[in-house]
Amino acid sequence: MKILQIDHLGIAVNSIEEGQRFWTDVLGLPCEGAETVASQKVTTAFFPVGESEVELLESTAPDGPVAKYIEKRGEGIQHIAFRVENIEEALAELKAKGVRLIDETPRMGAGGARIAFLHPKSTSGVLVELCQR
Ligand code: ZN
């Protein structure tokens, strides 16, 4: 499998609007616009940084994965996303190597990307997202 670059860092926040006070007002990163992914009960906003991006994640429901993450650990980095050349190939290879997959097959993420998550139990505690654009 070929990892091309760090695609983005996913940061769980209570409010994207509040988060923007730091990421946009202080650091000067423009927001590329927000999008709600209903299946994940989350609204995401992307802030490009060179070739990579910062993704702010705000839960749309108290039982969503981002709300649960904040409840347990507070706001902060929730996942790291690697851009891969071929996501099916990457998943097949990781599975063969015994890596626990949250998504056996890719699903649609924000921005039309195809994404899949690896289980933190297999990755030293980091929620890893693969994405193909
Ligand atoms: Zn992400």
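A residue counts as buried when its relative accessible area is under 20%, as exposed when it is over 50%, and as partly exposed in between (1.4 Å probe, protein chains only). Strands (E, at least two residues) and helices (H or I, at least four) are DSSP runs, numbered from the N terminus. The structure is a predicted model, in which local features need pLDDT of at least 70 and side-chain atom pairs count only at pLDDT 80 or more, while totals for chains, interfaces and linings use all residues. Residues are numbered from 1 along each chain as its sequence is written, and side-chain values use heavy atoms, with hydrogens and water left out.

**Exercise 1. Determine how strand 3 is covered and how it pairs with strand 2 and strand 4.**

Step 1. Cover: of the 8 residues of strand 3, 6 are buried, and the strand is thus mostly covered.

Step 2. Pairing with strand 2: two strands pair if DSSP finds at least two bridges between them. Strand 2 (residues 34-37) is antiparallel to strand 3, with 4 bridges, and V37 has V42 as its bridge partner in strand 3. A hairpin with 4 residues between the strands results, and K41 in its turn has a positive phi of about 55°.

Step 3. Pairing with strand 4: strand 3 and strand 4 run antiparallel and are joined by 8 bridges. P48 is bridged to E53 in strand 4. This hairpin has 2 residues between its strands, and G50 takes a positive phi near 60°.

**Exercise 2. Establish the strand order of the open sheet and identify its edge strands.**

Step 1. Order: the open sheet has 8 strands in the order 2-3-4-1-5-8-7-6, with mixed pairing.

Step 2. Edges: strand 2 and strand 6 (107-108) each pair on one side only and are the edge strands.

Step 3. Inner pairs: strand 1 runs parallel to strand 4, with 5 bridges between them, and L9 stands opposite V54 in strand 4. Strand 1 is antiparallel to strand 5 over 8 bridges, where Q5 has R83 as its bridge partner in strand 5. Strand 5 and strand 8 run parallel and are joined by 4 bridges; R83 stands opposite C131 in strand 8.

**Exercise 3. Describe the coordination of the zinc ion.**

Step 1. Donors: these are N, O and S atoms within 2.8 Å of the metal (3.2 Å for Na, K and Ca), and sites may look incomplete because water is not among the atoms. H8 (NE2), E55 (OE), H79 (NE2) and E129 (OE) are the protein donors, at 2.1 to 2.3 Å from the zinc ion.

Step 2. Geometry: four donors count as tetrahedral if all angles lie between 85 and 135 degrees; four count as square planar and six as octahedral if opposite donors are over 155 degrees apart and all others between 65 and 115; anything else is irregular. The 4 donor atoms of the zinc ion give angles of 85 to 172°, and the site is irregular.

Step 3. Spacing: along the chain the donors follow H-x46-E-x23-H-x49-E. One pair links distant parts of the chain, with H79 in strand 5 (residues 76-84) and E129 in strand 8 (residues 128-132), 50 residues apart.

Step 4. Accessibility: H79 is buried at a relative accessible area of 3%, and E129 is buried at 4%.

**Exercise 4. Locate the buried side of helix 2 and the elements that it packs against.**

Step 1. Buried residues: in helix 2 (residues 65-73) these are V66, A67, Y69 and I70. Seen down the helix axis, they fall within an arc of 160°, so they line one face of helix 2. The arc is that of the directions from the helix axis to the C-beta atoms.

Step 2. Opposite face: the exposed residues E71 and K72 are carried on the face turned away from the buried side of helix 2.

Step 3. Packing: contact means heavy atoms within 4.5 Å. The buried residues of helix 2 pack against strand 1 (3-12), strand 3 (42-49), strand 4 (52-59) and strand 5.

Step 4. End: G74 follows helix 2 and has a positive phi, near 80°.

**Exercise 5. Compare the settings of K41 and S124.**

Step 1. K41 lies in the loop between strand 2 and strand 3. K41 is not a glycine, although its phi is positive, about 55°; its relative accessible area of 30% makes K41 partly exposed.

Step 2. S124 belongs to the loop between strand 7 (114-118) and strand 8. S124 is likewise not a glycine and has a positive phi of about 60°; with a relative accessible area of 76%, S124 is exposed.
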